[in-house]
Amino acid sequence: LTSTPTRSALHVIHIAAEMAPVAKVGGLGDVVTGLSKALQKKGHLVEIVLPKYDCMQYDLIHNLRALDVEVESYFDGQLYKNKIWVGAVEGLPVYFIEPYHPDKLFWRGQYYGENDDFKRFSFFSRAALELILQAGKKPDIIHCHDWQTAFVAPLYWDLYASKGLNSARISFTCHNFEYQGTAPARELASCGLDVSQLNRPDRMQDNSAHDRINAVKGAVVFSNIVTTVSPTYAQEVRTPEGGKGLHTTLNTHSKKFIGILNGIDTDTWNPATDSRIEVQYNSGDLQGKAANKQALRRHLGLLLSDSTRPLVGCITRLVPQKGVHLIRHAIYRTIELGGQFVLLGSSPVHHIQREFEGIANQFQHHDNVRLILKYDELLSRSIYAASDIFIIPSIFEPCGLTQMIAMRYGAIPVVRKTGGLNDSVFDVDDETIPHQFRNGFTFLSPDEQGFNGALDRAIQYYKNDRETWEQLVQKVMSMDFSWESSAEQYEELYAKSVTRAKATKRV
Ligand code: ADP
């Protein structure tokens, strides 16, 4: 007789600064929701703790209500009360923390970009652990994300494990090593951590400024599981060029460090059921896709008539990481090659925003180019549905979700071979890759010539051989970018870590 061991359900609590669709700035928000839903589907108990931002999309939180209890948490030598709210987002139970702090920490009209972000999120990290402790929860895994909640790892092991919150293993995912959460060392004391103990090279001291501490480094050192969002990026960040100063730390802790490719939430990103696009369609009905292209052209005032013109889309934060110089170049190159170009993007960097505003004005009434410089999820869906080609010329890209969403909506990606793009897009002309995996156009050299090598080929394919193009579109729409297999990898990591902890306790 053989028996399959039944894996017991785990209790996982994510502590995060973003969660789609209620509080989303970028990919982090998508991942927290996508991974949580996939784990919940597998039978695990998944809860999420978020700050209660004033600027969240409250209409997307179901049954939001305040709990009777208040949680007191320590900061800067005092105890502060926190009001705790609960609600459901996409079927997931979420706790929202509203601190009664005179600085109105999450009442700023934006998620990030405040001068006191370090304080806001170190406060939140501690309050979240306090909530878990005071609620008497016994999670198997506490999963924190990016620098904003990286404080959870040292706080847990230095303070909370001894307070009785000792059931958990700590998992940390870094979605982008560019953002590490550094500050003068003394600022760490505010959340109750011991600066003299932690401002050491083997703990939280920043690797290049010895009077500063580094939150992401702290989470790498103190977590049981450390992941990043693609296998290629996990390799890149272990090199001096890619690690943004943390490569030595990641190499020291390499045994617990792994790259797992993100999935996308295939329920929300599904052209067959997406009620927010003009016409729903699937890979068997590309007429529907063509109707969306016409609808977007009409909506943006672009030339309607010519069906041989490919629509090239780009949806992105406009930051240097995304290859803004190549995005700008792509506008002009697309016109030269007889295509239409639509950019949806916004930039937290003033000079980039200003530069693109200039370009947007220049093309305000152009037949074939439109730049929309804002964050707009609804419009993003129409652009994914309308695009034939989708560009992501990133200088580095930890995972990247837009290439996967684009493919799900039948837009062929043109990407630079880096990070997660390298793990999800394979060139149609690359003979070393089996046919069934080839799904886009790639280039390596981050300059105009390199980029042209991929964009030009894409546009030629589109124009010269429509039948092959349509087959490619159908193929990429059918590829599996769901969370299924990635969530399974997280599940395995969690389970192994929990088993190891139990074995150690027994000894
Ligand atoms: P990052 O997290 O670096 O911003 P990702 O590719 O991982 O990049 O995730 C970007 C996510 O944000 C995608 O879901 C994309 O559709 C969305 N997005 C980016 N810019 C905009 C925008 N201006 N309007 C709407 N959605 C956007």
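**A ligand shell shared by two domains**

In this predicted model, the shell around the ligand receives at least two residues from each of helix 1 (27–41), strand 12 (311–317), strand 13 (340–346), helix 12 (377–386) and helix 13 (402–408). There are 18 residues around the ligand, and those that come nearest are Gly26, Gly27, Tyr375, Ser380 and Leu401. Sorted by class, the shell consists of six nonpolar, eight polar and four charged residues. Both domain 1 (11–262 + 485–506) and domain 2 (286–481) contribute to this shell, each with at least three residues.

That leads to the division of the chain itself, for which the domain assignment gives domain 1, made of 11–262 together with 485–506, and domain 2, made of 286–481. The C-alpha centres of the two domains are 33 Å apart, and the contact between them takes 18 residues from domain 1 and 13 residues from domain 2. On the side of domain 1 that touches domain 2, the elements giving two or more residues are helix 1 and helix 7 (231–236), and of these helix 7 gives the most, with four residues. This side of domain 1 has five nonpolar, ten polar and three charged residues. Helix 1 therefore appears in two settings, since it supplies at least two residues to the shell around the ligand and also gives two or more residues to the side of domain 1 that touches domain 2.Helix 1 also has a place against a sheet, where helix 1 lies across strand 1 (11–15), strand 2, strand 5 and strand 6 (141–145), and runs at about 160 degrees to strand 2. The sheet is open and is formed by nine strands in the order 3-4-5-2-1-6-7-10-11, with mixed pairing. Its edge strands, each of which pairs on one side only, are strand 3 (62–75) and strand 11 (257–259), and the twist from one strand to the next averages 25 degrees. Within this order, strand 2 (residues 45–51) and strand 5 (residues 92–99) pair in the parallel sense over four bridges, and phenylalanine 96 in strand 5 is the bridge partner of leucine 50.

A further piece of packing involves helix 4 (residues 152–160) and helix 6 (residues 215–222), whose axes are 7 Å apart and meet at an angle of about 50 degrees, which makes helix 4 oblique to helix 6. In this contact, Ala153, Pro154 and Trp157 of helix 4 meet Gly218, Ala219 and Phe222 of helix 6, and the residues involved comprise five nonpolar, one polar and no charged.

Note on methods
Residues are numbered from 1 along each chain as its sequence is written. This is a predicted model: local features need pLDDT of at least 70, side-chain atom pairs count only at pLDDT 80 or more; totals for chains, interfaces and linings use all residues. A residue is near a molecule or strand if its C-beta atom, placed from the backbone, lies within 6 Å of it. Ala, Val, Leu, Ile, Met, Phe, Trp, Tyr, Cys and Pro count as nonpolar, Asp, Glu, Lys and Arg as charged, and the others, Gly among them, as polar. Domain bounds come from an automatic or database domain assignment. Axes are lines fitted to C-alpha atoms, for helices over the stretch in contact, and angles run from 0 to 180 degrees between N-to-C directions. Angles under 35 degrees count as roughly parallel, over 145 as roughly antiparallel, 65 to 115 as roughly perpendicular and the rest as oblique. Two residues are in contact if their C-beta atoms, placed from the backbone, lie within 7 Å. Two strands pair if DSSP finds at least two bridges between them.
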